[in-house]
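I opened this notebook to look up how aromatic and charged side chains pair in one structure. The entries below keep to that topic.

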Amino acid sequence: NHRAEGTIDKDFLIELLKGDTCYYCGKKIEGKKTIDHKTPISRGGTNASDNVVLCCVHCNTQKSNRTEIEYKEWLKNENNL
């Protein structure tokens, strides 16, 4: 069980949740919004605001415990099938 260092700033979180575009796929989020750590907590990521993004459930689920860079590489490869 990994715990993130620090807490996510509440004001930052409120502003983030006002958005409606997925950080990863760039599409408008329809329905549930999720918060993701670009570098997962399990991989040493923190709750710092520069590591936390708004994303759709689909991307959050697909990304799993990949880093932002690993996920973007994975997406590129998936889309070239």
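What follows are my notes on rings, charges and one lysine, taken from a predicted model.

**Entry 1, aromatic pairs.** I looked up the ring pairs and found a count of three aromatic pairs. For Tyr-23 and Tyr-24 I noted ring centres 5.1 Å apart and planes at 85 degrees, so I entered this pair as edge-to-face; planes over 60 degrees apart fall in that class. I then checked accessibility, and Tyr-23 came out as partly exposed at a relative accessible area of 34%, whereas Tyr-24, at 10% relative accessibility, counts as buried.

I next turned to Tyr-71 and Trp-74, whose rings form a stacked pair with 5.9 Å from centre to centre and 20 degrees between the planes. I placed both residues in helix α3, which covers residues 68-79, and noted that they are three residues apart, about one turn of the helix. Tyr-71 has 0% relative accessibility and counts as buried, while Trp-74, with 24%, counts as partly exposed.

I also asked myself which residues form one aromatic cluster. I found that Tyr-23, Tyr-24, Tyr-71 and Trp-74 do.

**Entry 2, a charge over a ring.** I looked at what sits over the ring of Trp-74, and I recorded the charged end of Arg-66 there, 4.3 Å from the ring centre. Trp-74 therefore appears twice in my notes, as it is also stacked with Tyr-71, with 24% relative accessibility behind its label of partly exposed, since buried would need a value under 20%.

**Entry 3, salt bridges.** I looked up the salt bridges and wrote down a count of six; I describe some of them here, including the one between Lys-28 and Asp-20, where the closest N and O atoms are 3.3 Å apart. In this pair Lys-28 counts as exposed at 52% relative accessibility, and Asp-20 is partly exposed with a relative accessible area of 32%.

I then followed the salt bridge in which the side chains of Arg-43 and Glu-70 meet, at 2.8 Å from N to O. Arg-43 lies in the loop between β1 (33-37) and β2 (52-56) and Glu-70 lies in helix α3, so I noted that the pair ties together parts that are 27 residues apart in sequence. Arg-43 is partly exposed with a relative accessible area of 39%, and Glu-70 is partly exposed with 34%.

Within helix α3 I found Glu-73 and Lys-76, three residues apart, or about one turn of the helix. Their side chains form a salt bridge in which the closest N and O atoms are 3.1 Å apart. At 38% relative accessibility Glu-73 counts as partly exposed, and Lys-76, at 49%, counts as partly exposed too.

**Entry 4, Lys-63.** I wanted to know whether Lys-63 is buried or exposed. I located this residue in helix α2, residues 57-63, and its 0% relative accessibility puts Lys-63 in the buried class. Leaving aside neighbours within four places in sequence, I listed the contacts of Lys-63 as Tyr-24, Asp-36, His-37, Lys-38, Pro-40, Glu-68 and Tyr-71. I marked two names in that list, Tyr-24 and Tyr-71, as members of the aromatic cluster from my earlier entry.

Note on methods:
Residues numbered from 1 in each chain as written. Predicted model: local features only at pLDDT ≥ 70, side-chain atom pairs only at ≥ 80, totals over all residues. Heavy atoms only, no water. Phe/Tyr/Trp six-rings, centres within 6.5 Å; stacked < 30°, edge-to-face > 60°. Buried < 20%, exposed > 50% of the residue type's maximum accessible area, 1.4 Å probe, protein only. Helix = DSSP H or I, 4+ residues; strand = E, 2+ residues; numbered from the N terminus. Lys NZ or Arg CZ within 6 Å of the ring centre and 35° of its normal. Salt bridge = Lys/Arg side-chain N within 4 Å of Asp/Glu carboxyl O. Contact = heavy atoms within 4.5 Å.
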